[in-house]
Amino acid sequence: MGIRFVLMVNKQGQTRLAQYYEYLTIEERRALEGEIVRKCLARNEHQCSFVEHRNYKIVYRRYASLFFLVGVDADENELAILEFIHLLVETMDRHFGNVCELDIMFHLEKVHFMLEEMVMNGCIVETSKANILAPIQLMDKAS
């Protein structure tokens, strides 16, 4: 398993989306998120986008007011995870049209669905934006 968790956090440190691919209790998740968010938000834009924390490697990227943080195993390829983050943002952009924090807040189930189409049990299984969005567009047509 490569990806352990995906977090989307705003500049104030509020978690907007959290998806875990390993079991952690609520208390462990809350503590882990707090530590990671403080560590990543304190870094400036001239520092690299990789941080080691506990037994995770955190790969993060900032898009507008949102930080996308992905916790992976120590042996995972950082650049591949940066590409994954970019693909996720591009997919959301295609669906929502210039995605923003409010889109994620008001359509959280769709964002989780996109993430579930892309990642299964911590492994990236789909990278085609059309294939990721097809089931969501079918659900939109049906409703």
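The UniProt record, in an unreviewed entry, places the feature "domain: AP complex mu/sigma subunit" at residues 3–142. The structure discussed here is a predicted model, and every value below is computed from it. Over residues 3–142 the chain is 47% helix and 26% strand, while the C-alpha atoms at the two ends of this stretch lie 32 Å apart.

**Helix α1 and what covers it**

Helix α1 takes in residues 26–41, and because each residue of a helix is expected to add 1.5 Å, its 16 residues should span 22 Å, which agrees with the 22 Å between its end C-alpha atoms. Which residues of α1 are buried? They are Leu32, Glu33, Gly34, Ile36, Val37 and Cys40. A general point about helices helps in reading such a list: an α-helix has 3.6 residues a turn, so residues three or four places apart point the same way. The cover over the buried residues of α1 includes the strands β1 (3–10), β2 (15–20), β3 (50–53), β4 and β5 (66–72).

Arginine 54, in the loop between β3 and β4, also meets this helix, since its contacts, leaving aside neighbours within four places in sequence, are Ala31, Leu32 and Glu35. The C-alpha atoms of arginine 54 and leucine 32 are separated by 9.2 Å, although the two residues are 22 residues apart along the chain. Arginine 54 nevertheless counts as exposed, because its relative accessible area is 52% and the exposed class begins over 50%.

**Two helix pairs that share α5**

In general, two packed helices are described by the angle between their axes and the distance between the axes. Helix α5 (residues 129–142) can be described in this way with α4 (residues 108–118) and also with α2 (residues 78–96).

| Helix pair | Axes come within | Crossing angle |
|---|---|---|
| α4 and α5 | 9 Å | roughly 140° |
| α2 and α5 | 10 Å | roughly 35° |

The crossing of α4 with α5 is right-handed. On the α4 side the contact is made by Lys110, Phe113, Met114, Glu117 and Met118, and on the α5 side by Asn131, Ile132, Leu133, Pro135, Ile136, Met139 and Asp140. Sorted by class, these residues are 8 nonpolar, 1 polar and 3 charged.

The crossing of α2 with α5 is right-handed as well. Here Leu87, Glu90, Thr91, Arg94 and His95 of α2 meet Lys129, Ala130, Ile132, Leu133, Ile136 and Asp140 of α5, and the contact residues divide into 5 nonpolar, 2 polar and 4 charged. Reading the two contacts together, one finds that Ile132, Leu133, Ile136 and Asp140 of α5 appear in both.

Lysine 129, which lies in α5, shows the contact with α2 from the side of a single residue: apart from neighbours within four places in sequence, lysine 129 is in contact with Leu87, Glu90, Thr91 and Arg94. How exposed is lysine 129? Its relative accessibility is 23%, and therefore it counts as partly exposed. Between the C-alpha atoms of lysine 129 and phenylalanine 106, which are 23 residues apart in sequence, the distance is 21 Å.

**Contacts of histidine 112 and tyrosine 63**

Histidine 112 belongs to helix α4, and when residues up to four places away in sequence are not counted, histidine 112 touches Leu17, Ala18 and Gln19. With a relative accessibility of 19%, histidine 112 counts as buried, because the buried class covers values under 20%.

Tyrosine 63 is in strand β4, which takes in residues 56–63. Which residues does tyrosine 63 touch, not counting residues up to four places away in sequence? They are Phe68, Ile85, His86 and Val89. For tyrosine 63 and isoleucine 85, which are 22 residues apart in sequence, the C-alpha to C-alpha distance is 10.0 Å.

**Two loop residues with positive phi**

Alanine 64, in the loop between β4 and β5, has a positive phi of about 55° although it is not a glycine. With a relative accessible area of 67%, alanine 64 is exposed. Asparagine 121, in the loop between β6 (119–120) and β7 (123–124), is another residue other than glycine with a positive phi, in this case near 55°. Asparagine 121 is exposed too, with a relative accessible area of 57%.

How values were computed. Residues are numbered from 1 along each chain as its sequence is written. This is a predicted model: local features need pLDDT of at least 70, side-chain atom pairs count only at pLDDT 80 or more; totals for chains, interfaces and linings use all residues. Side-chain values use heavy atoms; hydrogens and water are left out. Axes are lines fitted to C-alpha atoms, for helices over the stretch in contact, and angles run from 0 to 180 degrees between N-to-C directions. Helices (H or I, at least four residues) and strands (E, at least two) are DSSP runs, numbered from the N terminus. A crossing is left-handed if the near helix is turned anticlockwise from the far one by less than a right angle, and right-handed if clockwise. Contact means heavy atoms within 4.5 Å. Ala, Val, Leu, Ile, Met, Phe, Trp, Tyr, Cys and Pro count as nonpolar, Asp, Glu, Lys and Arg as charged, and the others, Gly among them, as polar. UniProt positions are given in the numbering used here, feature names are shortened, and annotations may be inferred rather than shown by experiment. The expected span of a helix is 1.5 Å times one less than its number of residues. Buried means under 20% relative accessible area, exposed over 50%, partly exposed in between (1.4 Å probe, protein chains only).
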